[in-house]
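Reader: Could you take a close look at the aromatic rings in this one for me? I'd like the geometry of the pairs and where their members sit.

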Amino acid sequence: MQGGHLYNSSLNLSPGSSIEFWAKFTNGIFQNVGLSADINFDCPYITVGRGNLSPTDNSVFVRRDDSSEDVLLGTNLAGDYHRYKINWNASSFDIYVDG
């Protein structure tokens, strides 16, 4: 699915929340799983996935609203299933790949 949302909730999430998921990102663009304020990805948001990358690039990034730069999570993560976890702390986020 490209450009869609699998789950949209009216829950008010806050620090102390976390999500854990298995995902297989392809070498396509704009594939993300994470937390956002609303369906339009208005601030705040944090995701694990892929932005506007070359189709041959297998990198997966952490993408967040407080930075213009994505943070590289790994260069060979796309193409295989991996377990990801996002923990929302009081003033930061912890991101895990495969534990």
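Author: Let's start with phenylalanine 93, which is partly exposed in this predicted model, with a relative accessibility of 33%. That lands between the cut-offs, since buried means under 20% and exposed over 50%. By the ring-pairing rule there are three aromatic pairs. Take phenylalanine 25 and tyrosine 84: the ring centres are 5.6 Å apart and the planes meet at 70°, so this pair is edge-to-face. Phenylalanine 25 sits in the loop between strand S1 (18–23) and strand S2 (31–36), while tyrosine 84 is in strand S6, so the pair ties together parts 59 residues apart in sequence. Both ends of that tie are tucked away: phenylalanine 25 is buried at 3% relative accessible area, and tyrosine 84 is buried too, at 0%. Back to phenylalanine 93: its ring pairs with tryptophan 88, and that pair is stacked, with 5.7 Å centre to centre and 25° between the planes. There's also an aromatic cluster made up of Phe21, Phe25 and Tyr84.

Strand S6 covers residues 82–88 and also holds lysine 85. Lysine 85 is partly exposed, at 27% relative accessibility. Setting aside neighbours within four places in sequence, lysine 85 touches Ser18, Ile19, Glu20, Asp94, Ile95 and Tyr96. With serine 18, the C-alpha separation is 7.2 Å, although the two are 67 residues apart along the chain.

As for the backdrop, the protein has seven strands and zero helices. Of its 99 residues, 25% are buried.

Definitions and conventions
Residues numbered from 1 in each chain as written. Predicted model: local features only at pLDDT ≥ 70, side-chain atom pairs only at ≥ 80, totals over all residues. Heavy atoms only, no water. Helix = DSSP H or I, 4+ residues; strand = E, 2+ residues; numbered from the N terminus. Buried < 20%, exposed > 50% of the residue type's maximum accessible area, 1.4 Å probe, protein only. Contact = heavy atoms within 4.5 Å. Phe/Tyr/Trp six-rings, centres within 6.5 Å; stacked < 30°, edge-to-face > 60°.
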